[in-house]
Amino acid sequence: MHHLIVEDMTCGHCAATVEKAVKAADAQAKVAVNLEAKTASIESGIGSDVFIAAIEDAGYRASFKKSRCSHVD
C-alpha cells in the first residue's frame, strides 16, 4: 500500500484528477483519495515513484506520507 500526500488538492475536481492520474499509471490499482486529509492511498504492485510522477504530471505536488512507528522493544 502506498500512502501519498497531495497538498495541492482543494476540491472534488482535484481529487478526481488525482484518481484519474493514478488509474492511468495502473488501471488495476485500488485508490482512495481523501480530499480533507489531502492524501491518496494506493494499492498496487507498481512503485510509489510511478504514482508520484503521474500525479505531478497532472499538475499536483505529491510526496511520500511519513508513517509513525510506535515500535517497542
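**Exercise 1. Strand order**

In this predicted model, leucine 4 has phenylalanine 64 in S4 as its bridge partner. Work out how the strands are arranged in the sheet, and which of them stand at the edges.

*Solution.*
Step 1. Start from S1 and S4. They run antiparallel and are joined by two bridges.
Step 2. Turn to S1 and S3. This pair is also antiparallel, over four bridges. Isoleucine 5 stands opposite threonine 39 in S3.
Step 3. Assemble the sheet. It is open, has four strands and follows the order S2-S3-S1-S4, with antiparallel pairing.
Step 4. Read off the edges. S2 (30-34) and S4 each have a single partner strand, so one side of each lacks a neighbour in the sheet.

**Exercise 2. Helices on the sheet**

Determine which strands H1 touches and which strands H2 lies across, with the angles.

*Solution.*
Step 1. Take H1. It packs on the sheet and touches S2 and S3. The direction of H1 makes about 160° with that of S2.
Step 2. Take H2. It lies across S1, S3 and S4. Relative to S1, H2 runs at about 30°.

**Exercise 3. Two faces**

Sort the side chains of S1 by face, then find which residues of H2 are buried and which are exposed on its other side.

*Solution.*
Step 1. Follow S1. Its side chains alternate. His2 and Leu4 point to one face and are buried. His3 and Ile5 point to the other face and are not buried.
Step 2. List the buried residues of H2: Ser48, Phe51, Ile52, Ala54 and Ile55.
Step 3. Look down the axis of H2. The buried residues fall within an arc of 165°, so they line one face of the helix.
Step 4. Check the other side of H2. Asp49 and Asp57 are exposed there.
Step 5. Find what the buried residues of H2 pack against. The partners are S1, H1, S3 and S4.
Step 6. Step past the end of H2. Just after the helix, glycine 59 takes a positive phi of about 105°.

**Exercise 4. The nonpolar core**

Identify the residues that touch the most other members of the largest nonpolar core, and the element that gives the most to it.

*Solution.*
Step 1. Count the members. The largest nonpolar core has 16 residues.
Step 2. Pick out those that touch the most other members: Val6, Val18, Val22, Ile42 and Ile55.
Step 3. Assign elements. H1 (12-25), S3 (39-43) and H2 (48-57) each supply at least two residues of this core. H1 gives the most, with four residues.
Step 4. Zoom in on isoleucine 55. Leaving out residues up to four places away in sequence, isoleucine 55 touches Leu4, Val6, Val18, Ala21, Val22, Tyr60 and Ala62.

**Exercise 5. The salt bridge**

Find the salt bridge, place its two residues along the chain and classify their exposure.

*Solution.*
Step 1. Count. There is one salt bridge, with 4 Å as the cut-off between side-chain nitrogen and carboxyl oxygen.
Step 2. Name the pair. The side chains of aspartate 8 and arginine 61 meet at 2.8 Å, N to O.
Step 3. Place the ends. Aspartate 8 sits in the loop between S1 (2-5) and H1. Arginine 61 sits in the loop between H2 and S4 (63-64). They are 53 residues apart, and the pair links distant parts of the chain.
Step 4. Classify aspartate 8. Its relative accessibility is 24%, so it counts as partly exposed.
Step 5. Classify arginine 61. Its relative accessible area is 51%, so it is exposed. The threshold for exposed is over 50%.

Technical notes. Residues numbered from 1 in each chain as written. Predicted model: local features only at pLDDT ≥ 70, side-chain atom pairs only at ≥ 80, totals over all residues. Heavy atoms only, no water. Core = buried A, V, L, I, M, F, W, Y, C linked by side-chain atoms within 4.5 Å. Buried < 20%, exposed > 50% of the residue type's maximum accessible area, 1.4 Å probe, protein only. Contact = heavy atoms within 4.5 Å. Pairing = 2+ DSSP bridges. Axes fitted to C-alpha atoms, helices over the stretch in contact; angles between N-to-C directions. Arc of directions from axis to C-beta.
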